[in-house]
Amino acid sequence: MFDRLVVCTGLFQTPKEPRVEGLDQFRGEVLNAHTYKSPKNFDGKRVLVVGLGSTATDIARGLAGRANQIFISHRNGCLMLPYGKANDVCFPPLREQRKAAKRPPFEQGRMLHKAFLEMQDEAFDLRPEWGLANAPAMPHKLPIIGDEFYDLLVSGAVTLVAGVKRVLESHVELTDGNKLEVDAIIFAIGYNKSFSLLGPYDPSRHMPQAWKDARGSTGRPLPRLYQGIFSLDFPDSLAYSENVGPTLSASINADLASMALAQVWLGTSRLPSASEMAKNADTQNQMAISLAKDGEIFDPAFVNTTEWSIWADRAAGLGIQDRIGYGWKSWWLWLTDYRLYKTLLDGKFVPQVYRIFDEGKRKPWKGARESFFKANGMD
């Protein structure tokens with residue numbers, strides 16, 4: 001027996017079933033990213049990886065030097081970014097985050113996509129035959145980190161090919177008419193999530209028909225939760241840890257969500273009325289539906305980044321928003337600790353900032369300030 005339950009079953013539960021004509025006729029090995037364990041089992045083989053995302057490129061890197069040939073089949077392309085600069089764009093200094101927060105969410109998305117394109121073109125010389133042009137923008141598809149993968153493409157160790165049309169006994173026919181003879185097919189096409197273990201309290205049990213009809217929903221459940229965390233049935237005792245996507249870091253998202261959840265259930269932060277929570281959940285669902293109408297979205301767990309970040313800051317007791325605005329706490333920090341104020345606004349964004357200030361809720365970490373300066377190259 002428990003007083004409270006947090007569902008932490010993860011985003012990657014059940015691999016999507018491939019729907020490819022003739023797959024059951026293939027005489028080679030067929031598996032998915034979930035069951036793929038080691039590249040050593042593919043020494044000397046011709047391997048086709050279906051799907052172009054982080055998992056597919058990780059598998060290709062592992063197979064390089066072991067498999068005889070490595071193909072990656074994709075339909076829509078993908079943005080390819082250099083590691084370090086991509087991190088800086090995804091997690092800009094707080095001053096830049098504050099400026100971006102004043103823009104509508106869709107405008108923020110367009111600006112981020114433009115920055116990604118410029119970064120990609122500066123870092124890599126993409127070849128037309130790779131088919132990476134006109135890649136879907138976020139939130140329809142996450143970029144991949146291309147530092148090592150790009151070298152594999154240039155060297156020919158990995159070959160990008162068109163989508164799979166059908167599979168025959170010993171080869172695969174592609175949508176461009178080409179045929180590949182392969183020994184193994186690895187599907188890296190994503191996962192489906194299920195809330196079935198909650199039975200009658202499944203937060204996706206009343207999914208809007210508009211979501212089911214949206215071509216980008218691809219049959220996935222759409223949970224109806226307050227701030228992507230709290231059950232509308234039992235907000236004081238049932239919550240979820242992986243249905244929030246304000247940033248591109250699953251670790252940061254879970255960190256913020258867990259701190260906010262802890263303070264709410266401790267009683268130091270309060271939930272709004274049932275009607276307000278329902279309105280928030282419906283607004284979040286409508287945003288996911290509007291995005292899914294244009295194509296598949298990589299995660300239905302969308303929230304308004306600006307609004308959610310402000311809520312999480314208040315609920316968790318982080319004290320950041322008040323110190324980068326124009327209130328008395330911001331002015332006081334500027335007067336009493338300008339070094340921290342300046343670095344907080346313009347320095348490298350790292351999670352240590354969440355643990356610097358004491359708002360009378362969660363306890364700050366004594367080493368957070370020093371660690372924050374160290375992360376910014378300051379002694």
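The following exchange concerns helices and one sheet of a predicted model.

Modeller: Residues are numbered from 1 along each chain as its sequence is written, and side-chain values use heavy atoms, without hydrogens or water. As the model is predicted, local features need pLDDT of at least 70 and side-chain atom pairs count only at pLDDT 80 or more, while totals for chains, interfaces and linings use all residues.

Colleague: On which side or sides of α5 do its buried residues lie?

Modeller: Helices are DSSP runs of H or I with at least four residues, and strands are runs of E with at least two, numbered from the N terminus. In α5 (residues 147-155), the buried residues, meaning those under 20% relative accessible area with a 1.4 Å probe and protein chains only, are Phe149, Tyr150, Leu152 and Leu153. They span an arc of only 160° around the axis, taken from the directions from the helix axis to the C-beta atoms, and therefore lie on the same side of α5.

Colleague: Which exposed residues does the face of α5 turned away from its buried side carry?

Modeller: Exposed means over 50% relative accessible area, with partly exposed between that and the buried limit. The buried residues of α5 pack against α1 (54-63), β5 (69-73), β6 (80-81), β7 (144-145) and β8 (159-161), where contact means heavy atoms within 4.5 Å. The face turned away from them carries the exposed residues Glu148 and Ser155.

Colleague: Which strands stand at the edges of the open sheet of 3 strands?

Modeller: Two strands pair if DSSP finds at least two bridges between them. The order is β9-β10-β11, with antiparallel pairing. Because each has a single partner strand, one side is left without a neighbour in the sheet for the edge strands β9 (164-167) and β11 (179-181).

Colleague: Which residue of β11 is the bridge partner of His171?

Modeller: Strand β10 (residues 171-174) is joined to β9 by 3 bridges, and 3 bridges also join β10 to β11. His171 and Glu173 point one way from β10, Val172 and Leu174 point the other way, and all are buried. Towards β9, Glu173 is the bridge partner of Arg166. In β11, the partner of His171 is Glu181.

Colleague: In the hairpin of β10 and β11, which residue takes a positive phi?

Modeller: The hairpin from β9 to β10 runs through 3 residues. That of β10 and β11 has 4 residues between the strands, and the one with a positive phi, near 95°, is Gly177.

Colleague: Is α11 roughly parallel or oblique to α12?

Modeller: Axes are lines fitted to C-alpha atoms, for helices over the stretch in contact, and angles run from 0 to 180 degrees between N-to-C directions. Helix α11 (residues 338-346) packs on helix α12 (residues 368-375) at about 55°, with the axes 11 Å apart. Angles under 35 degrees count as roughly parallel, over 145 as roughly antiparallel, 65 to 115 as roughly perpendicular and the rest as oblique. The angle therefore makes α11, relative to α12, oblique.

Colleague: In what kind of crossing does α7 pass α9?

Modeller: The axes of helix α7 (residues 250-266) and helix α9 (residues 305-316) come within 8 Å and cross at roughly 45°. The contact involves residues including Leu256 and Met259 of α7 and Trp308 and Trp311 of α9. A crossing is left-handed if the near helix is turned anticlockwise from the far one by less than a right angle, and right-handed if clockwise. Here α7 passes α9 in a crossing that is left-handed.
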